[in-house]
Amino acid sequence: MRRKKRSFDIFSLSFLDVVSCGFGAIVLLLVIVKISEPLITQQAYADLSAALAKLTGEQEQLAAQATLLGSKRDEFSIQIDALEAHIAALQEKNAALRRQQQARLTSRASEELLVRQLSQAKQTLTEEMVRLRQTARPDRFNDVIGGVPVDSEYIIFVIDTSGSMQQFAWGAVRRHMKEILEMYPEVKGIQVMNDMGDYMFSQYSGRWITDSPARRRAILQRLSSWTPFSNSSPVEGVSAAIRRFSSNDRRISLYILGDDFSRGSIQSVVDTVNTINSVQTDGSRRVRIHAVGFPVLFRQSGAEINVARFAALMRRLAEDNDGSFVGLTSLQ
């Protein structure tokens with residue numbers, strides 16, 4: 001007998017039970033997840049908040065430390081600036097001391113050089129000086145020439161307008177011109193010439209300038225810009241002044257202002273002046289000659305002999321012509 005096959009139903013009760021259990025498990029998992037999710041989120045939020053608070057605290061500490069370090073840095077910067085300024089001041093003081101020391105050494109060396117050069121110049125001039133001593137008047141050669149007689153009624157200035165005088169001594173020339181004029185409160189006539197015999201005021205060539213306060217101011221003012229040509233020798237100006245203005249009935253003083261005598265013979269100049277500035281019956285000269293020497297060329301190598309020649313010539317002219325020679329030691 002043949003068995004009959006049993007039919008199979010997919011939606012049987014057992015199948016439905018399995019499906020129901022699966023859905024229930026899924027629902028249960030969803031319920032469990034939903035319940036625990038807020039707790040996890042809260043815990044994570046709390047942990048993050050704590051970490052943030054900790055980082056914020058550390059940030060504030062770091063900011064405070066940065067502020068403190070910045071303040072200390074500013075203090076250190078101020079101290080460094082003060083130290084640098086102090087160091088700079090010390091360096092400047094040290095440099096000034098070095099300059100002073102160098103200046104003293106240079107000045108000492110220059111003085112020693114000047115002494116040697118003047119000694120050499122003196123030795124060079126010995127022969128000529130001996131000749132001058134032999135021809136000078138014995139009763140007056142050793143007199144100390146100091147005071148300047150101011151009994152003249154007329155005064156003449158013969159000024160060396162050479163480059164050395166213009167560049168280095170002109171301020172001193174103006175001061176001493178003013179001082180000499182003040183020695184004569186009032187005179188009958190004034191004249192100003194350069195060492196070549198050129199007149200300061202061409203309109204007064206060959207004649208006296210009437211003395212007045214305004215004219216004296218004009219002379220001093222004109223002197224500041226007066227630059228005629230000069231050969232740095234007073235011979236021409238002195239000769240021209242004596243020949244033109246000397247007179248037996250006038251008391252005249254001639255002032256020579258210069259710094260050197262670079263050419264010609266001292267004795268020749270002395271002889272020329274003695275000839276044209278003759279001795280009067282009372283033994284005095286027609287023109288009294290004074291001289292002022294300016295120390296311009298003492299520090300110029302090779303020029304010392306010209307300074308010595310000028311001093312020798314001016315001293316001799318002053319001695320022979322009733323005047324005084326003043327050798328300045330400074331241009332101040």
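This short talk covers the aromatic pairs, the charges over rings and the salt bridges in a predicted model.

I will start with the rings. The structure holds five aromatic pairs, and I will go through two of them, both involving Phe245.

The first is Tyr199 with Phe245. Their ring centres are 6.4 Å apart and the planes meet at 75 degrees, so this pair is edge-to-face. As for where the partners sit, Tyr199 is in the loop between β2 (189-194) and α4 (213-223), while Phe245 belongs to helix α5 (residues 235-245). Because the partners are 46 residues apart in sequence, the pair ties together separate parts of the chain.

The second is Trp208 with Phe245. Here the geometry is tilted, with 4.6 Å from centre to centre and 50 degrees between the planes. Trp208 is also in the loop between β2 and α4, and its partner is in helix α5, so this pair ties together parts that are 37 residues apart in sequence.

Are these two rings buried or exposed? Phe245 has a relative accessible area of 3%, so it counts as buried. Trp208 is buried as well, at 14%, because the cut-off for buried is under 20%.

Taken together, ring pairs link Tyr154, Tyr199, Trp208 and Phe245 into a cluster. Two arginines sit over rings of that cluster. Arg244 lies over the face of Phe245, 5.5 Å from the ring centre. The charged end of Arg250 is placed over the ring of Tyr154, at 5.1 Å from its centre.

Now the salt bridges. Side chains of opposite charge can pair when their charged atoms come close. How many salt bridges does a search of the whole structure find? The count is seven.

One of them joins Arg73 and Asp74, with the closest N and O atoms 3.9 Å apart. Arg73 is exposed, with a relative accessible area of 54%, and Asp74 is partly exposed at 42%.

Next is Glu153, which lies in the loop between α2 (138-141) and β1 (154-159). Lys188 forms a salt bridge with Glu153, at 3.3 Å between the closest N and O atoms. Lys188 is in the loop between α3 (163-183) and β2, so the bridge ties together parts that are 35 residues apart in sequence. Lys188 is exposed, at 52% relative accessibility.

Arg251 forms a salt bridge with Glu153 too, the closest N and O atoms being 3.7 Å apart. Arg251 is in the loop between α5 and β3 (252-258), and this pair links distant parts of the chain, 98 residues apart. Arg251 is partly exposed, at 45%. Through the shared partner, Glu153, Lys188 and Arg251 form one network.

Key. Residues numbered from 1 in each chain as written. Predicted model: local features only at pLDDT ≥ 70, side-chain atom pairs only at ≥ 80, totals over all residues. Heavy atoms only, no water. Phe/Tyr/Trp six-rings, centres within 6.5 Å; stacked < 30°, edge-to-face > 60°. Helix = DSSP H or I, 4+ residues; strand = E, 2+ residues; numbered from the N terminus. Buried < 20%, exposed > 50% of the residue type's maximum accessible area, 1.4 Å probe, protein only. Lys NZ or Arg CZ within 6 Å of the ring centre and 35° of its normal. Salt bridge = Lys/Arg side-chain N within 4 Å of Asp/Glu carboxyl O.
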